[in-house]
Every structure is written in structure tokens, then in C-alpha cells.
Amino acid sequence: MSTIKKDKGLDNTLKVLKQGYLYTSNQRKRLNTDVFETRAIGGNRFVVLNGKEGAELFYDNDRIQREGMLPKRLVNTLFGKGAIHTIDGKKHIDRKALFMSLMTEGNLQYVRELTRNYWLANTQRMENMDQVNIYRESVVLLTRVGTRWAGVQAPEEEIERIATDMDIMIDSFKAIGTAFKGYKSSKDARRRVEDWLEDQIIQTRKGKIHPPEGTALYELSHWEDYKGNPMDSRTCAIDLMNTFRPLIAINRFVAFGMLAMYENPTTVEKIKTEPDYAYKFAQEVRRFYPFVPFLPGMAKEDIQFKGHDIEKGTRLVLDVYGTLHDENAWENPNEFRPERFENWDGSPFDLIPQGGGDYWTNHRCAGEWITIIIMEETMKYFASRISFDVPEQDLTVNLNSIPGYINSGFIIENVREKVNRK
Ligand code: HEM
């Protein structure tokens, strides 16, 4: 067994934040190794796993613990206390079945229709705007889609505020291991949204409001765990939010998708004309652009991995971005090429922008199908239903900062509807 090579330093957090999504691949190259260790977030030792084999190990529930490993600040802002993301074992599998039960054919078809219709209905508004910032426009539009899909009552005059609160929470994953000046505003946003949703859960349980069966609001309000207990109303509000806050976060992929079409103009015609192209395009956007950087876990037992000993209790990090750009898994990983998904084998361990493994037993994202559907419909809309210009702007995607952004947000102007009236 060989020792694991180290990135020396008592605490490399600042270096991680400075090098961003490229920190792990920089270290792998520098140290000439697949697996390395580093110290970060208060000097804690982490072993960094990468690639398909790294993901396979990370999603082995017998060997890896997830509960208790997410940074506290992220739990307080992004996920919520007691959220599905923070629990393991029987309790997790029980509650995860509730989330997965929302992914019915009917609910997936509905989110497709909502996305298509809301974009169409939004055309006139965008035509009347001097410039449209796609990042901002889609966060608001997806707030409409998400609240409607979840069966939650969101008055029109509140939509902009809810969208902003969601955006603040989603952004808070920049808080990994540092003093984060947005921490308070993020916690305030969370409190406002939790209050609003808890009220609707209480009213649903009392029979004062009547969300349709099959909606997240109805199903979470009436759900009982394997011991026959309902969720307390606050935890229920937190997990209700976990069904549509991440849906709103798809706005980041929408902005990246627009950039991908702009920089690869031949894809636009293919999205319009080739039946499966929007699907392949959506998959490639999720693979190519920076969103979730890493995921944390811990070894439950002594593990041997790629010729290294990893002791029980070792903190582990799955390098999500690195795996999505791993040369062993993806040919020319730094090229944007939707065609690569023509022959993809559907492995649960290489395309992991939303986690990997099994939906029902691992922490893999419950909303992956929704994400692909929303991306397909949104990209089809922009490719075929409107014309627009892209003015000069700063389109840099800065890989050295987490989370990844297009500096300008992606701005379009002169929006016009394309209608074939013949
Ligand atoms: C921008 C799109 C999205 C991204 C980047 C994303 C990313 C992720 C990631 C990285 C995880 C954790 C995987 C792990 O810990 O192993 C996760 C879990 C989760 N996601 Fe998503 N997600 C997205 C969209 C959605 C949507 C649309 C929903 C709506 C249902 C959703 C609901 C969830 C839930 C409930 C979990 C917790 C699963 C569990 O702990 O078992 N996500 N997501």
C-alpha cells in the first residue's frame, strides 16, 4: 500500500477558494496522483476522490457515511436543518421514497408543460424590455414554474421577492469554510421562506387550503414516516422547499445553456430539428459547466482504494467537477460536444453534476429528470420560438470562483417572437 500524497499546508481553504473548480485537478497534476489529501475548513484532513471509481466508493452506503458531514453554514442556509440531505440510513430511505413518489409521469409532463407555457407567455414581456438578463429572468420564471408545480400558493406580487430569497440561499454555497458576509441575509431569506411554507402546511393539515393530491405540498403535508409519525411542520416546510428551491436553481444551467448555444452556433439548428438533440445538449450543459464543486463524506471503516489505505473516520470529498472533466471517463472533456451522449452507457458514476449512485437509496438528486426536462424545453424555446441579439458583454465563466457564473449573467436584446403564420 502506498501513502497518499499531500497538498501541504495547515489549512488550504483559501487556496481552494482562489483556484476554485480547478484546485483539485491542479493538485492531481502537480502531485502526479489520482488520490490526494489536503487540509481545509479549520485544518480538517480530507482525502479527495475523483472519477468513476471514486464515485462508486463514495456512493457505497456500507462504507461511506454522509450524515453530519455537510458544513454547518450550508445546512443553515442552503438545505435547512433536518433536511433530507442531512440524514442517513433507514430514515433517509423512508423519506427519500416520498420525494421519489413525486416524480410520476403526470408530474414530469406537467413541469414540461409549465416550462413551455410560461416561457411562451413571457415573450411579450421580454419583447418590451431593452435588455433581458437571462440569469435573472429565468430565476423569476422558474419561481413561477416551481411554486405552481409544488402546489404552493405564491401571489403574483410576491414572486420577485421569493425568487430573490431563493437566489440568495442558492448562492450561499460560496460559504464553504469561510467567513461569508452574506450569511445573515441568507439565513433571513431562509426564515422568511420557511415561515411562508410552514403556514401553508398547517393550513393544508387543517383542511383550510386544498392543494391537489400528487403535489409536493399535499404529499409532504399528509406523509407519515415508517413509524406512523408526520413530519413536524417546520421540517416539513424545509423539505417542501427542497422540492422547488433547486428547481429555481436551474436558472444557472439556463444561462450556461444560452452561452453554449451562442458559442456553438451549429447546436441551435440541431436543437430545432433533431428529435433528441435538446436532451443531449441539456446533458452536456450539466456536464460541462461549473455548478456543484464537491460533496463531503466520511469512511465508516478502513478502506483500500487504488492501492491506498484510507482509515476509518477519514473525511472524504468527492470531486464532482473533476469527475465531470475526467479524461478517463470523457473523451476531450474540455470540449462542449452534446453528441458524446449518443453512445453514453448511462452510468450512475460518471455524469454526476447532481450526485450519483441510486435515486432511492443514495443521496442522488431527486430532481434530475425535472432538470433535464426544464432544460430541454427552455433551450427549445430560445432556439426556435424567438429571435434575439447578443450585445457585447463580459461572457467570462470564471472557474476560479465558486459558484461558477457568467460574469454578465447572459444578456439578450431585440427579442421578437418567431411565428410561422402561413
Ligand atoms: C440546478 C439543478 C440541480 C442541481 C445542480 C442539483 C444538485 C444536487 C446535488 C449535488 C445533490 C446531492 C447529491 C449527494 O449528496 O450525493 C442533490 C440532492 C437533492 N436534490 Fe438536487 N439538484 C438540482 C435540481 C433539483 C431539483 C429540480 C429538485 C426537485 C425535486 C432537486 C431535489 C433534490 C433533493 C430532494 C435532494 C436530496 C436527495 C437526498 O438527500 O437523498 N434537485 N441535488
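Student: In this predicted model, what makes up the shell around the ligand by class?

Tutor: By class, 14 residues of that shell are nonpolar, eight are polar and two are charged. Glycine counts among the polar residues and proline among the nonpolar ones, and both kinds appear in the list of the closest residues, which are P246, G355, H363, C365 and G367.

Student: How many residues surround the ligand, and what makes a residue count as near a molecule?

Tutor: The number is 24, and the test is that the C-beta atom, placed from the backbone, lies within 6 Å of the molecule.

Student: Which helices supply at least two residues of that shell, and which helix gives the most?

Tutor: Helix 5 (89-101), helix 11 (233-248), helix 12 (250-263) and helix 16 (368-385) each supply at least two, while helix 11, with four residues, gives the most.

Student: Why are strand 5 and strand 11 called paired?

Tutor: Pairing asks for at least two bridges between two strands, and strand 5 and strand 11 (residues 411-417) have three in the antiparallel sense, so they are paired by that definition. Looking along them, you can find Q131 opposite E413 and N133 opposite I411.

Student: How do you know that strand 10 belongs beside strand 11 as well?

Tutor: Strand 10 and strand 11 are joined in the antiparallel sense over three bridges, and in strand 11 the bridge partner of D389 is E413. The resulting open sheet of three strands has the order 5-11-10.

Student: Why are strand 5 and strand 10 said to stand at the edges?

Tutor: Strand 5 (131-133) and strand 10 (386-389) each have a single partner strand, so one side of each is left without a neighbour in the sheet. From one strand to the next, the twist averages 50°.

Student: What makes helix 6 a helix that packs on this sheet?

Tutor: Helix 6 (residues 105-127) touches strand 5, strand 10 and strand 11, where contact means that C-beta atoms, placed from the backbone, lie within 7 Å. The direction of helix 6 makes about 115° with that of strand 11.

Student: What makes strand 4 and strand 6 a pair, and how many bridges link strand 6 and strand 9?

Tutor: Strand 4 (residues 64-65) and strand 6 (residues 294-299) have two antiparallel bridges, and because the definition asks for at least two, they count as paired; in strand 6, Q65 has M298 as its bridge partner. Strand 6 and strand 9 (residues 315-319) pair over five bridges, also antiparallel, and L295 has L318 of strand 9 as its bridge partner.

Note on methods. Residues numbered from 1 in each chain as written. Predicted model: local features only at pLDDT ≥ 70, side-chain atom pairs only at ≥ 80, totals over all residues. Axes fitted to C-alpha atoms, helices over the stretch in contact; angles between N-to-C directions. Contact = placed C-beta atoms within 7 Å.
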